[in-house]
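These notes are meant for a colleague opening this entry for the first time. They take the contacts with nucleic acid before the contacts between the protein chains.

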There are 2 protein chains.
Amino acid sequence: MSVGIRHDDLRRRNRAMVISAVRRAGHPSRTEIAATTGLSHSTISAISSDLIQEGILAESRASESVSLKRGRPQVGLSLNPEAAAVLAVVLSLNFLSVAVIDYAGQVVAEEQRRLDTLTMSRDELIGECVAIVRRQLEDPDLDVQSVARIALAIQGITDSSARAMLWSPITPQTNIAFADILEDEFGIPATMENDCNMMAVALRWRDPDRYRDDFIAILLSHGIGMGLVLKGELFTGTHSSGGEFGHMIHRPGGALCRCGRRGCVEAYAGNYAIWRNARQLSENAEPVADVSDADMRALATRARETDGPEREAYRKAGEALGFGLGSLFALIDPAPVAMVGASAAAFDLIEPALREAIAQTAGGQHSGSISFDTEPNELPLIREGCAMRALSFVDQEIFAPGVQARGGSAGKNVA
Amino acid sequence: MSVGIRHDDLRRRNRAMVISAVRRAGHPSRTEIAATTGLSHSTISAISSDLIQEGILAESRASESVSLKRGRPQVGLSLNPEAAAVLAVVLSLNFLSVAVIDYAGQVVAEEQRRLDTLTMSRDELIGECVAIVRRQLEDPDLDVQSVARIALAIQGITDSSARAMLWSPITPQTNIAFADILEDEFGIPATMENDCNMMAVALRWRDPDRYRDDFIAILLSHGIGMGLVLKGELFTGTHSSGGEFGHMIHRPGGALCRCGRRGCVEAYAGNYAIWRNARQLSENAEPVADVSDADMRALATRARETDGPEREAYRKAGEALGFGLGSLFALIDPAPVAMVGASAAAFDLIEPALREAIAQTAGGQHSGSISFDTEPNELPLIREGCAMRALSFVDQEIFAPGVQARGGSAGKNVA
DNA sequence: AGTATTTTTTCGAGGCTCGAAAAAATAAAG
DNA sequence: CTTTATTTTTTCGAGCCTCGAAAAAATACT
């Protein structure tokens, strides 16, 4: 049962509106905020005055140019970078990275590290993550008190409450409650996110016009992942991170997938599958652990040059993706798609078969109008999404002092 | 951009909470409502007193027994049946029905009518719908002023704004804006709903324990349809009613589907497909227009008796449904499933292959725990869902007098 | 009849948003 | 350089809304 609205929730929510309006718009004036939120000028004035006093917002005097107009000039509001900081940690195959981001969204420090995730023990894996976070928190330039959130993204399935990794292709370990581990270690609220979901979050921030309420981000990499935004909200499963597009069934009983089952989309479109087909190996051949980006590029080059098994492998990948998307579109209606990851660079080889396949499906009735965008570099996107996710959380914590005042660095210091 | 919360929205929403608490609970006391909504006793007292004065709620004195306890007895609140009425219209293959439902949810009048939807012209189809509604509205026992909503459910695809039928298997006509037509004709707000979505709505009301936040209703009939509730809300596509489970691709390039494409789940599991396979016709054979329920029952009987092509046909249906559900579960995580419609009576023939197939998919990892429920009669369910949908809408209109006071029969008449 | 107990209503306090008016800050005009 | 026009922002009182505490109401128990 959803609960009634208390009187004090009202202020809390409207504060949130103001903060998120500022985060979205950059340097909006109070008047602009009033317009986008629909609240009255008096309310905006009261709320923003509070937020400034609390050190969350700051007046960014003389907002550049716009002194052309007549009356009193607008004074832009911006996020105070020092109001808080967050950590974005990204754990992917053989690679761990962390970034410290200030409240305004700027990266203030970062570190990257290669490791061998596939062979590491559970404790080693956890230890590396904890250690890389600790190194950042020990940086003397950073006010540890201001760190309000850690978001950790991982390639794999996470639980719907964003606490734990349930399964991941980058490690044989399962069920690691990273969020709890980090919280216990550092006393900072933490979440465990799915990498593809973070890609989607980032795309939304990067290009809100193109990726607004409904869109799909597909990771074309060793495996196939998906982040889905529907009706303006990240779509997650009911128990897990959900959206296991790569493991929808393309051909019942078909090619052997890395997950041990048969006929998944990934078993035709993942790097290992393209590799396997290009080598004309059996569909039952055990998936290889990793194919280097260089090898995949070579494969793509060869596929472009001659009409051999390499080209056919990409064709099959496109077909699998197309039918998979078609089935997906049958459920959710078509939406813009962003193809992310190394294999997105070979999308020219994939697209024809993909479009041909999708046109044969219920979801592909207007397949011509479905737009595909490519972004070969997934890591920056994932980190960016992580950061925005963590910052949005902070937005929702700092403005909720009615429930539990955060004793952080943003105390009242003026009146 | 979501809009800020105005001060008067607060009352409006809390009124809604109270009304829906009463609709859900039956005869809750004010104290019980306070408990479920989390609002204070004083607030509940004020709101319910308003609602009673406005004729929306009524005190149902001496709520049966519970005079066992000591203190002042609770006085149950109930919906005033005369506060409003709604019409539920269901249009399915060769069949049109309407029911008048009072505000408390009781059917007060109904009419059913056979017609030949497949051959009717556009105007005839619209005319029949308008006529059957008109006949109910002209009933002298009915206060036309009190009719606050018409909900029309149709088998087929509707648009996401619930205004029009886009496509339906029961008629060659497309794009009929039934909601607008009915509104123009009678001046009563109307909506156009998808039949399977209404099934899901009804299941939620019928058995809220089993069908709470996440579940799936699948219609096994001539075609295959689905209604999906995720996180407590009806899931619809972004442009259309969405959830075209029957047209997810089971086998690329496979059996000919009624929709003209190949390999859809429906092309294996719809009545016509089972019929086609049982007759050992080619997968390319044109789907028949209709198979009678009696024929399907005979088919099922024969399948149970001998291990022939009939049994194999049901096995194939189960397999298609299983792989389809597996792909669906890969996206949304497993959830309870209700199998509705005539073929649900033959679910014993379908289930083994279904479970075997689903176990081979990513979504079926715990396939043993997925529960299936069967309900052979879809029509009452659809009508019930329609009625509840319409009533919920009324709940949200009557309690919103701040925006636009409804001048209906529920005016203030005491103070 | 009196007491205990539970439900419901009443009443004042505290908050929040809103509209209108005032104040502030600038460009244009004289 | 002063005045006027214009636009943004703040101030202030009014009107609601919810809440907690206390009172009132209605019944069972003694």
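1. In this predicted model, a polar side-chain atom of B:Q74 is placed 2.8 Å from a phosphate oxygen of DNA strand C. Two further side chains reach phosphate oxygens of this strand: B:S45 has a polar side-chain atom 2.7 Å from one, and an N or O atom in the side chain of A:N14 lies 2.8 Å from one. The elements contributing two or more residues to the surface near DNA strand C are, from chain A, α1 (7-25) and α3 (41-53) and, from chain B, α2 (30-37) and α3 (41-53). With four residues, α1(A) provides the largest share of that surface.

2. Around DNA strand C there are 29 residues, of which A:T43, B:T31, B:S45, B:G71 and B:R72 come nearest. If one asks which part of the strand faces the protein, 70% of the atoms of DNA strand C within 4 Å of the protein belong to sugar and phosphate. By class, the surface near DNA strand C consists of 15 polar, nine charged and five nonpolar residues.

3. DNA strand D is likewise surrounded by 29 residues, and the closest of them are A:T31, A:S45, A:R72, B:H7 and B:T43. Sugar or phosphate supplies 71% of the atoms of DNA strand D that come within 4 Å of the protein, while the rest belong to bases. The residues of the surface near DNA strand D divide into 15 polar, nine charged and five nonpolar.

4. What kinds of strand atom do A:R72, B:S40 and B:T43 approach on DNA strand D? For A:R72, a backbone N or O atom lies 2.7 Å from a base oxygen, whereas B:S40 brings a polar side-chain atom to 2.9 Å from a phosphate oxygen, and the side chain of B:T43 has an N or O atom 2.6 Å from a phosphate oxygen. Two or more residues of the surface near DNA strand D come from each of α2 (30-37) and α3 of chain A, and from each of α1 (7-25) and α3 of chain B. The largest share there, four residues, is that of α1(B).

5. Turning to the relation between the protein chains, chain A is superposed on chain B by a rotation of 180° with 0.0 Å of shift along the axis, at an RMSD of 0.1 Å; this is the relation of a two-fold axis. The residue of chain A closest to that rotation axis is A:R251, whose C-alpha is 3.0 Å away. Both copies use the same surface, in that 100% of the contact residues of chain A recur in chain B.

6. The interface itself brings 49 residues of chain A into contact with 50 residues of chain B. Together the two chains bury about 4400 Å², with 58% of this area on carbon and sulfur atoms. A:I5, A:P252 and A:L331 account for 15% of the area that chain A buries against chain B, which is more than any other three residues supply.

7. How many salt bridges does the rule find across the interface of chain A and chain B? The count is zero, although 15 residue pairs are in polar contact between the two chains. On the side of chain A that touches chain B, the elements giving two or more residues are α1, α2, β11 (224-230) and α10 (309-332). The residues of that side comprise 20 nonpolar, 20 polar and nine charged.

Note on methods: Residues numbered from 1 in each chain as written. Chains lettered and ligands numbered in written order. Predicted model: local features only at pLDDT ≥ 70, side-chain atom pairs only at ≥ 80, totals over all residues. Heavy atoms only, no water. Near = heavy atom within 4 Å. Polar contact = N/O pair within 3.5 Å; in protein donor to acceptor, adjacent residues only side chain to side chain. Nonpolar A, V, L, I, M, F, W, Y, C, P; charged D, E, K, R; others polar. Least-squares fit on C-alpha atoms with pLDDT ≥ 70 in both. Contact = heavy atoms within 4.5 Å. Buried area = accessible area lost by both parts, 1.4 Å probe. Salt bridge = Lys/Arg side-chain N within 4 Å of Asp/Glu carboxyl O.
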